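Trainee: I have a model to read and some labels to justify. Can we go through them one at a time?
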Amino acid sequence: MLDVTSADSIIKFANKLKGLTLKQACGNEIEKHGYQGKGNFGQILEKFYFGYEPNSESQPDFKEAGIELKSSPLKILRNGEFRAKERLVLNIINYIEVYKEEFENSSFWKKNAHLLLVFYLHDNDLDLLDYNIRLVNDWQYPSEDLRIIKHDWETINKKIKDGKAHELSEGDTFYLGACTKGSTALKSFRNQPFNEEKAKQRAYSLKQGYVNHIIANISQEETETYGKIIERPEILDAVQSIEEIVISKFLPFYGKSAKEIEKYLGLELNQKAKSYFANLTNAILGLKLGQKIEEFEKADIQVKTIRLSENNLPKEDISFPTFEFQELIKTDWEDSDFKNILESKFFFVFYQYENDDLILKKVRFWNMPQSDISEAKIVWDKMIEAVSRGLIVREVSDIGIRKTYFPKKTENRISHVRPHARNAADTFMLPIPDKLTKLTEYTKHCFWFNASYVRDEIFMK
DNA sequence: GCATGATCATGC
DNA sequence: GCATGATCATGC
């Protein structure tokens, strides 16, 4: 039987969920309690399987055992591996109170030090009562992760103390993020202690990449494909943050050409490979060829290698993954892929042409200021507007090249929309046909960062 | 020389 | 076969 005061008992009881759906695990219970199709997966699990009322207390769900129950959706890759469908959202950040806390006695740590995780396979076509529960495990943070999480928590707290709660962004931190919670509506704005300006409600969350790491750990997948930057986590305690450690590894190579760096590191990389610069970056960080950077993967960091012309302008604009027109217009800004990208942490590696050599100029961790995110949202808004009105093609030239209504580079300081496809025939369906051409599908496009924005706001600053 | 449309190359 | 990161080509 379930003993709610014992961690072992709770975990054992939870483990029986594996392979079942909510309906199978507690079908009669759900009917008995008059389930109305309301509530989310987690609430139903708490109420009908574990038999307690969901609360929003500062205590963990099972307070005697110190365990916080969390459920979260999985997606499945083509190769059958599981990945997190989204970040794991934890408790709401109470701006008015947290600035008084120390990490060790914080509301975050009191509630989330020991998690019990229930991962279910999400499926758009199914009712949530029919989602299959695939992974169940408890989770406590390894000490090297905890050092980074504590540092993240302090980064968030510092921003609140500085009266900048309204400028918080997920990209500020590595594993523990401050993600928006609730709608953008006025009611989800909160007071902050050191500034009159209201701030969006946010919650602590574990980044999607970090949740992937938990999943890989639970399902005991091999970790050889990952290499750590930080071999001795205890140095994080002292003076250096992970950012400082990473940058210190690059500093000796500033002003050196890619070829010189390669030589110094005793490497013979294939210079024609598209992954040449990515390989060089990883080698500078001390990784073996083909390894992924564990800390960067956990932190969802987007690594971008930029080649600058001699006038400091990147040779190319920066592309992002293509979007599907149909998905684009049915996704809210808050849940959109583009907002997710804009709130990420980036790691830029700048090389610059000097004659025919590419010289390492500098590296930079960066994330977009909130004011710029608002400015880039205008591009997203215009795109939604165009696609949902069927305003795609503006003009077709004699030789068949089309001009579109999509947001151009000249219209916005930060971002624009351009094709990103195999060729013009590589398309996605349109939600409604194009007014001019009657086309029902159109060349794949994506959002791009303007090269001039990268120069002015990321390289030069 | 830049803006915009179009496409390539690699790896999974 | 396709996503992703990167690059090419044309016209103004």
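Trainee: What makes E12 and E14 paired strands?

Mentor: This is a predicted model. Two bridges are the minimum for pairing. Seven bridges join E12 to strand E14, residues 346-354. The criterion is met, and the two run parallel. Gln-302, for instance, has Phe-346 of E14 as its bridge partner.

Trainee: Why are E12 and E15 called edge strands?

Mentor: The open sheet has three strands in the order E12-E14-E15, with mixed pairing. Strand E12 (302-308) and strand E15 (357-366) each have a single partner strand, so one side of each lacks a neighbour in the sheet. Direction ignored, neighbouring strands are turned by 20 degrees against each other on average.

Trainee: What packs on this sheet, touching E12, E14 and E15?

Mentor: Helix H10, residues 276-284, does. Its direction makes about 115 degrees with that of E14. Helix H15 (residues 451-459) also lies across E12, E14 and E15, at about 65 degrees to E15.

Trainee: Now the DNA. How do you know that Ala-424 makes a polar contact with DNA strand B?

Mentor: The cut-off is 3.5 Å between N or O atoms. A polar backbone atom of Ala-424 is 2.5 Å from a phosphate oxygen of DNA strand B. That pair qualifies. Ala-421 also passes, with a backbone N or O atom 3.4 Å from a base nitrogen of the strand.

Trainee: Which classes make up the surface near DNA strand B?

Mentor: Eight residues are charged, five nonpolar and four polar. Strand E17 (402-404) gives the largest share, three residues.

Technical notes. Residues are numbered from 1 along each chain as its sequence is written. Chains are lettered from A and ligands numbered from 1 in the order in which they are written. This is a predicted model: local features need pLDDT of at least 70, side-chain atom pairs count only at pLDDT 80 or more; totals for chains, interfaces and linings use all residues. Side-chain values use heavy atoms; hydrogens and water are left out. A polar contact is a pair of N or O atoms within 3.5 Å; within protein, one must be able to donate a hydrogen and the other to accept it, and residues adjacent in sequence count only if both atoms are side-chain atoms. Helices (H or I, at least four residues) and strands (E, at least two) are DSSP runs, numbered from the N terminus. Ala, Val, Leu, Ile, Met, Phe, Trp, Tyr, Cys and Pro count as nonpolar, Asp, Glu, Lys and Arg as charged, and the others, Gly among them, as polar. Axes are lines fitted to C-alpha atoms, for helices over the stretch in contact, and angles run from 0 to 180 degrees between N-to-C directions. Contact means heavy atoms within 4.5 Å.
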